[in-house]
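Biologist: Could you put the model up and walk me through it? I'd like to start with what the database record says.

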Protein chains: 2
Amino acid sequence: MVRKKEIHEQRVRGYFIDATKEILKSEGLKSVSVRNIADRAGYSFATLYNYFKDAKELVFHCVEDFRKECLDYATVKAAKQPAGTRHLKALFLAYLEYFVQYPGIYELFFKEALSDIDDNGNTTMLVVSLLPTLCEADWQHIAKQKELSRKEVETSKSALLLGSTGMLSLYLGRRYPSSYASFLKEAENFIDQQLK
Amino acid sequence: MVRKKEIHEQRVRGYFIDATKEILKSEGLKSVSVRNIADRAGYSFATLYNYFKDAKELVFHCVEDFRKECLDYATVKAAKQPAGTRHLKALFLAYLEYFVQYPGIYELFFKEALSDIDDNGNTTMLVVSLLPTLCEADWQHIAKQKELSRKEVETSKSALLLGSTGMLSLYLGRRYPSSYASFLKEAENFIDQQLK
DNA sequence: TTTAAAATTTGAACACTGTTCAATAAATTT
DNA sequence: AAATTTATTGAACAGTGTTCAAATTTTAAA
């Protein structure tokens, strides 16, 4: 009966992961502690170490779930727009909106050090490929319609990833610009410029 | 004799600031602790609280010094290039190089939460204005030579700040791209594209 | 069903962190 | 030299992560 054991293990791991996700969404990374997670999961803090190496490993298990949530959020939000630059722009803005809504998830994706947890770059790929994955179909469409050349698409794709990361870093970390309205305007200016 | 007291106070504050700067440069933000700083400064950890509200306040006093250091570093490094896009590009790459060399200073500038310390956006301005200040003369030159329009200069200026912040976030935080050579190539591509 | 074995859960203990505050030490003034 | 002010300090407390042997629960065997 090795099956039963695995089912139980997966279940308990899920309890810890769910508890961690709750904390990340509501209070942010600073409130994530071994004892805090275990309390929410209904276990002792020591039990956590039977299922995860430490809280960091646990936290990075949330990345996959949040990534999917962000994909869904942006896809739904941009659904009304026609394929191409219009749709791409809507996706881009919804992507930014998601992280502004959940700053704790931004911290997890872009600020939390993963130097310790030997991850083989898996988490990095999940994070870095999120925006490109979201926009892939529209890039195809834009290239097909010859609105931009292949080369231009590549550089724009890269610029969008770098620019969005920079915008979130400055806005969520340094309150620059100081209002959400200014932030949005800057985001629109940026993507309009890059899609020129 | 209020003078003597102030001199002494400034001196001791300097000892703590220097100790903090040493730690930030060598071991990074994770090693900054009240006891660690005080040890290096040659005082008890309790003495720190007589001169600073807490370690965070102390840490942000380092921002000004590092900002100046980065300005000097990039200015010297780009000195050989002729004014304009060539010089601008050299400054941009040196700016990135400085933070790659001292990841602890990058963390301090772009990752450390300043939500707690009510700073009136002073630290934000120091951080955000660094690259624009560095490049100001070259932007003037470029606009004068009509290589780019006023409007184009503004959007490029903004894109450079956002892009550099994003690049450093992804490279230093997520090891993307995985090698420094790739990082440099991406940086060059980005600035060439933005200066089109 | 009772007993033995295996698996799971747990809190004590230790080493770190930040922070406060009363006691000590040093410097200054009287 | 004595009194007063100023500066420095370590003890103490509440957090943090982590380990490990003991206690508990679950499973298997008799």
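Modeller: Before the record itself, a word on its annotations: UniProt positions are given in the numbering used here, feature names are shortened, and annotations may be inferred rather than shown by experiment. This is a predicted model, where local features need pLDDT of at least 70, side-chain atom pairs count only at pLDDT 80 or more, and totals for chains, interfaces and linings use all residues. Residues are numbered from 1 along each chain as its sequence is written, chains are lettered from A and ligands numbered from 1 in the order in which they are written, and side-chain values use heavy atoms, with hydrogens and water left out.

Biologist: OK, which residues of chain A does UniProt list as "DNA-binding region"?

Modeller: Residues 33-52 of chain A, according to an unreviewed UniProt entry. That stretch is 75% helix and 0% strand, with its end C-alpha atoms 13 Å apart. Helices here are DSSP runs of H or I with at least four residues, strands are E runs of at least two, and both are numbered from the N terminus.

Biologist: And which residues get the "domain: HTH tetR-type" label?

Modeller: UniProt, again in an unreviewed entry, lists residues 10-70 of chain A for that one. Over residues 10-70 the chain is 79% helix and 0% strand, and the end C-alpha atoms sit 24 Å apart.

Biologist: What's the average pLDDT for chain A?

Modeller: Chain A averages 93, and 96% of the residues score at least 70. pLDDT is the predictor's confidence in each residue, from 0 to 100. Within chain A, the lowest mean is 89, in helix 1, and the highest is 98, in helix 5 (residues 85-101).

Biologist: On to the DNA. Which residues come nearest to strand C?

Modeller: A:Ser44, A:Ala46, A:Asn50, A:Tyr51 and B:Arg35, out of 19 residues around DNA strand C. A residue is near a strand if one of its heavy atoms lies within 4 Å of it. Sugar and phosphate account for 52% of the atoms of DNA strand C that come within 4 Å of the protein.

Biologist: Which polar side-chain atoms lie by a phosphate oxygen there?

Modeller: A:Tyr51 has a polar side-chain atom 2.5 Å from a phosphate oxygen of DNA strand C, and A:Thr47 has one at 3.0 Å from a phosphate oxygen of that strand. The backbone joins in too, with a polar backbone atom of B:Val34 at 3.0 Å from a phosphate oxygen of DNA strand C. A polar contact is a pair of N or O atoms within 3.5 Å.

Biologist: Which elements give two or more residues to that surface?

Modeller: Helix 1 (2-26) and helix 3 (45-51) of chain A, together with helix 2 (34-41) and helix 3 (45-51) of chain B. The largest share, five residues, comes from helix 3 of chain A.

Biologist: How do those residues divide into nonpolar, polar and charged?

Modeller: Near DNA strand C there are nine nonpolar, five polar and five charged residues. Ala, Val, Leu, Ile, Met, Phe, Trp, Tyr, Cys and Pro count as nonpolar, Asp, Glu, Lys and Arg as charged, and the others, Gly among them, as polar.

Biologist: Now strand D. Which residues are closest?

Modeller: A:Arg35, B:Ala46, B:Thr47, B:Asn50 and B:Tyr51, from 19 residues that surround DNA strand D. Sugar and phosphate make up 52% of the atoms of DNA strand D within 4 Å of the protein.

Biologist: What is 2.8 Å from a base nitrogen of strand D?

Modeller: That's an N or O atom in the side chain of A:Arg35. On the backbone of DNA strand D, a phosphate oxygen is 2.8 Å from a side-chain N or O atom of B:Thr47, and a polar side-chain atom of A:Tyr49 lies 2.9 Å from a phosphate oxygen.

Biologist: Which helix gives the most to the surface near strand D?

Modeller: Helix 3 of chain B, with five residues.

Biologist: Different topic: how many aromatic pairs are there over all chains?

Modeller: There are 28. Rings of Phe, Tyr and Trp (its six-membered ring) pair if their centres lie within 6.5 Å; planes under 30 degrees apart count as stacked, over 60 as edge-to-face and the rest as tilted. A:Tyr98 and A:Tyr102 make an edge-to-face pair, because their centres are 5.4 Å apart and their planes are at 65 degrees.

Biologist: Are those two buried or exposed?

Modeller: Both A:Tyr98 and A:Tyr102 are buried. Buried means under 20% relative accessible area, exposed over 50%, and partly exposed in between, with a 1.4 Å probe and protein chains only. Ring pairs also link A:Tyr98 and A:Tyr102 into a cluster whose members include A:Tyr73, A:Tyr95 and A:Phe110.

How values were computed. A polar contact is a pair of N or O atoms within 3.5 Å; within protein, one must be able to donate a hydrogen and the other to accept it, and residues adjacent in sequence count only if both atoms are side-chain atoms.
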